[in-house]
Amino acid sequence: MAGLPEVTVAGTLTADPELRFTQSGIAVANFTVASNERRRDPQSGQWVDGDATFLRCTLWRQPAENLVNSVGKGARVLVTGTLRQRNFEHEGQKRTVLELDVTEVGPSVRWATAKVTKVTRTDAGSAPAADAWGSAPPANGSGFADEPPF
C-alpha cells in the first residue's frame, strides 16, 4: 500500500511560526504558507497574481525550535512534508482541509540571502558535541587530518 503523498511547496509565511510544547515537553511549531501563481497578462503586459492557496503546516521537535529562531512573517520558504486531509464538522457543515506534516523547511534564496548556523546537539548530561567542520586545521600544517571529522 502506498504512503501519503509527499509534496514540496514554495510560499510565503503569513505570520510568525507559533511555537508550543506538548505536556511531555515536545516542541511543535504551527505556521501557514501562502502560495500563488504569478503570470504576465498578455493584454496589459503587467504581472498579475492568481488566487492564493493557504496550507497549514506542522513541524515537530528541534526543527520546530530552529524554524522559530530562523524565519518570520513574510519570509519566502520551501516546505516539504506529507500531505494529509482532515475532515471535520463546523456549525453542522462538513468541512475538509489539507495540512502538511513538515519534514524539511528552509529559506528560499531566490530573492533573499540566508546565513546558515549549525545547531550543536547535546545529550542529557553531556557536553555539547564539537563541530569538526568548524575546527582549526591540524597542527602538522598540512590542513588534512588522518581521520575524517565525523
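The questions and answers below introduce a predicted model of one protein chain.

Me: What should I know about how this model is numbered and which values count?
Reply: Residues are numbered from 1 along each chain as its sequence is written. Local features in this predicted model need pLDDT of at least 70 and side-chain atom pairs count only at pLDDT 80 or more, while totals for chains, interfaces and linings use all residues, and side-chain values use heavy atoms, with hydrogens and water left out.

Me: What average pLDDT does the protein chain have, and what share of the residues score at least 70?
Reply: pLDDT is the predictor's confidence in each residue, on a scale from 0 to 100. For the protein chain the average is 83, and the share of residues that score at least 70 is 79%.

Me: Over which residues does pLDDT stay under 50?
Reply: Where pLDDT is low, the predicted coordinates should not be read in detail. The model does have 14 contacts beyond four places in sequence for the stretch in question (a contact means heavy atoms within 4.5 Å). The stretch where pLDDT stays under 50 is residues 125-145.

Me: Which pattern does the protein chain follow along the sequence?
Reply: Helices (H or I, at least four residues) and strands (E, at least two) are DSSP runs, numbered from the N terminus. The protein chain contains 1 helix and 6 strands. Read along the sequence, they follow the pattern β-β-β-β-α-β-β.

Me: How many bridges pair strand 3 and strand 4?
Reply: Two strands pair if DSSP finds at least two bridges between them, and strand 3 also pairs in the antiparallel sense with strand 1, over 2 bridges, and with strand 2, over 4 bridges. With strand 4 the sense is again antiparallel, and Ala 29 has Leu 59 of strand 4 as its bridge partner. The number of bridges between strand 3 and strand 4 is 12.

Me: In the hairpin of strand 3 and strand 4, which residue takes a positive phi?
Reply: This hairpin has 6 residues between the strands. The hairpin of strand 2 and strand 3 has 5 residues between its strands, and there Gly 25 takes a positive phi near 90°. In the hairpin of strand 3 and strand 4 the phi is near 75°, and the residue that takes it is Gly 45.

Me: Which residue of strand 5 stands opposite Thr 8?
Reply: Strand 1 (residues 6-13) and strand 5 (residues 76-90) run antiparallel and are joined by 7 bridges. The side chain of Thr 8 also makes a polar contact of 2.9 Å with its partner, a polar contact being a pair of N or O atoms within 3.5 Å in which, within protein, one must be able to donate a hydrogen and the other to accept it, and residues adjacent in sequence count only if both atoms are side-chain atoms. The residue opposite Thr 8 is Thr 80.

Me: Is Glu 104 buried or exposed?
Reply: Glu 104 lies in strand 6 (residues 93-107), and its contacts beyond four places in sequence are with Leu 78, Val 79 and Thr 80. Buried means under 20% relative accessible area, exposed over 50% and partly exposed in between (1.4 Å probe, protein chains only). Thr 80 counts as buried because its relative accessible area is 17%. Because the relative accessibility of Glu 104 is 54%, the answer for this residue is exposed.

Me: Which residue joins its side chain to that of Thr 32 in a polar contact?
Reply: Thr 32 is found in strand 3 (residues 27-40) and is buried, with a relative accessible area of 15%. Its contacts beyond four places in sequence include Thr 12, Phe 54 and Leu 55. The polar contact spans 2.8 Å, and the partner is Arg 56.

Me: Which strand gives the most residues to the largest nonpolar core?
Reply: A nonpolar core is a set of buried Ala, Val, Leu, Ile, Met, Phe, Trp, Tyr and Cys residues joined through side-chain atoms within 4.5 Å. The largest one has 18 residues, and those touching the most other members include Leu 13, Phe 31 and Val 79. At least two residues each come from strand 1, strand 3, strand 4, helix 1 (61-68), strand 5 and strand 6. The one that gives the most, with 4 residues, is strand 3.
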